[in-house]
Amino acid sequence: MTETTLRSPNTVLANAVQDTIDVLRPRLLASNVGRISFTVGTQINGRPHLGTHLVQSLAFLLGERARDEYGIETTVDFCALDNSPAETIRSNGRKYQLTYHHKLSGGSVLGLVTEHYTPLFDAMERKTGVPYTVITYTEQQNSPEFRAEFIRTLEFLDEIGAWLSPATGTAHIRLPCPACGWAEKHAGGTRLLDLDDSGALFEACCHEHGRYEADITPLSGGYIDLATLYRNVVKERTYRTDDDTLHVMIKGGDWAYGCQLVDGAHSAIGRPESAPLRIFTPQILGSDGGKLSKSLLREAAEAGDAAVGTTSEWLLNPAEWPGTQSDYVDALTYLGELMLSDPKHFYRSYTTTALEALMTTRQPARNQSQAQGRPRSMAIYKPYFDMIAKGEKTVEVRVAYDSMKRIRVGDLLKFTCRQESCLTRVTRIGRYRTFREMFGTEKVEAVNPHATEAEQLKAIHAIFPPEKEALGVITFEIERVDIDA
Ligand SMILES: [Zn+2]
């Protein structure tokens, strides 16, 4: 069997960092947050393709990596964009659309999420120990924070329109008709009639029911359907500095272009105090270098155009993966970890051919990073850091997350505490069902020479609730390594 060797070019960003998540470090150093939320938005419009699942899996793997590296709680917060168009029509020279939310009942939207995403999310949560939440766009636009922030942006509507729709200058605010739920897509016939601190009054036009008014307030007044860029502007502005959470938007690589316009709108309104960070994930490209697109491939196939090349069906429809669901999740995890093993593998694009080869002939991803002798970072509290640095503490105890289970004897572990670090090598690994069982084998004084077994168990149980302990316990016996060695 020939090993798939992955070679990636250097890029401006990859060259500036040692690890993909180093881009979070400046903000973490400047603030004192207790939590990182990795936010992913996905349009709910039928079956996802591999690219969608890849972005979502990467959110979990980034969450796992950030938790282990920075010693901070992380979550994945998934937004199911049920405002994507289910139907569009053209009438009197204008386009109108009906969202999935307005076409389906709320239960059906959640049914789509359950069918296409929940199995992957549950599996990734189990693998990484990173919990997730799901919210629909409908719920998001209904929150007073989102609505109030939207109303605040309207004072700058001309400037926002100029950035978000540079060709026409009209921001796409869709206020569905109260009678039928359809809304004008490009909002050319939508006018802001009145605006004050308490709300905004709009006039819009339905292709069937004529003109109607929409009175939008933070607590009431109907559905606000914002086009993608505008939604991102409002969403990013709802994150507040007094929030204990660092928000990181996980976006497909093609967003790197689109964010210019989002940032233009932010600067027109006035930069938010704490704009969220963004991480752009690798783009998946068809054989002609264009972004993998189901509709484009379908059109090309119908037109008998072979130029876009053939693509394995499972890349477009993961249900066609030639193996079990759990094997699919393993292959996605392998791919994500391979990308995260080197920033050069992450901050780039991949063709479908390359991805197919990597996912079907997968080799352990750890070989890639370990081959470079790169130590794995582990954040640790100051008292324990000092004990390791003095050589007093020779056994480190962790919950057996998958990321921990991949560590092998001989691997380098770099313990970090604020600006200090201490390099060690793993000499032995222990696996236990509970912390109590662990102390049956591990020497109490090797874990912490300054506390009794009872004191240590009390402290450990205070840090790790039963549901974490249920994942199992792993210990690493370590020895100090001379930096110059
Ligand atoms: Zn109508």
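Is C180 buried, partly exposed or exposed? Keep that in mind as you look through these close-ups of a predicted model.

**View 1. Four residues hold the zinc ion.** Here the zinc ion is coordinated by C177, C180 and C206 through their SG atoms, and by H209 through ND1. The distances run from 2.1 to 2.3 Å. Look at the angles between the four donor atoms: they fall at 103 to 114°, so the arrangement is tetrahedral. For comparison, the ideal angle for four tetrahedral donors is 109.5 degrees. If you trace the donor residues along the sequence, you get the spacing C-x2-C-x25-C-x2-H.

**View 2. C180 and H209 link distant parts of the chain.** C180 sits in the loop between β6 (173-174) and β7 (183-184), while H209 is in the loop between β9 (199-206) and β10 (210-216). That puts the two 29 residues apart. Now for the opening question: C180 is partly exposed, because its relative accessible area is 24% and the partly exposed class runs between 20% and 50%. H209, at 41% relative accessibility, counts as partly exposed as well.

**View 3. D77 makes polar contacts from strand β2.** Find D77 in β2, the strand that covers residues 73-81. With a relative accessible area of 15%, D77 is buried, since the cut-off for that word is under 20%. Its side chain makes a polar contact of 2.6 Å with the side chain of S37, and another, of 3.1 Å, with the side chain of T75. Setting aside neighbours within four places in sequence, the residues in contact with D77 are R35, S37, F38, T39, V40 and T133.

**View 4. Five strands line up in an open sheet.** Read across the sheet and the order is β16-β18-β19-β20-β17, with mixed pairing. β16 (376-379) and β17 (395-399) are at the edges; each has a single partner strand, so one side of each has no neighbour in the sheet. On average, neighbouring strands are turned by 40° against each other, direction ignored. Zoom in on β16 and β18 (residues 412-417), and you'll find a parallel pair with four bridges. In this pair, S377 stands opposite K414 of β18.

**View 5. Helices α3 and α18 meet the sheet strands.** Helix α3 (residues 50-70) packs on the sheet and touches β16 and β18. The direction of α3 makes about 65° with that of β16. Helix α18 (residues 382-390) lies across β17, β18, β19 (420-432) and β20 (473-480). Compare α18 with β19, and you'll see the helix running at about 90° to the strand.

Terms used
Residues numbered from 1 in each chain as written. Predicted model: local features only at pLDDT ≥ 70, side-chain atom pairs only at ≥ 80, totals over all residues. Heavy atoms only, no water. Donors = N, O, S within 2.8 Å, 3.2 Å for Na, K, Ca; no water. Tetrahedral: all angles 85-135°; square planar, octahedral: opposite > 155°, others 65-115°. Buried < 20%, exposed > 50% of the residue type's maximum accessible area, 1.4 Å probe, protein only. Polar contact = N/O pair within 3.5 Å; in protein donor to acceptor, adjacent residues only side chain to side chain. Contact = heavy atoms within 4.5 Å. Pairing = 2+ DSSP bridges. Axes fitted to C-alpha atoms, helices over the stretch in contact; angles between N-to-C directions.
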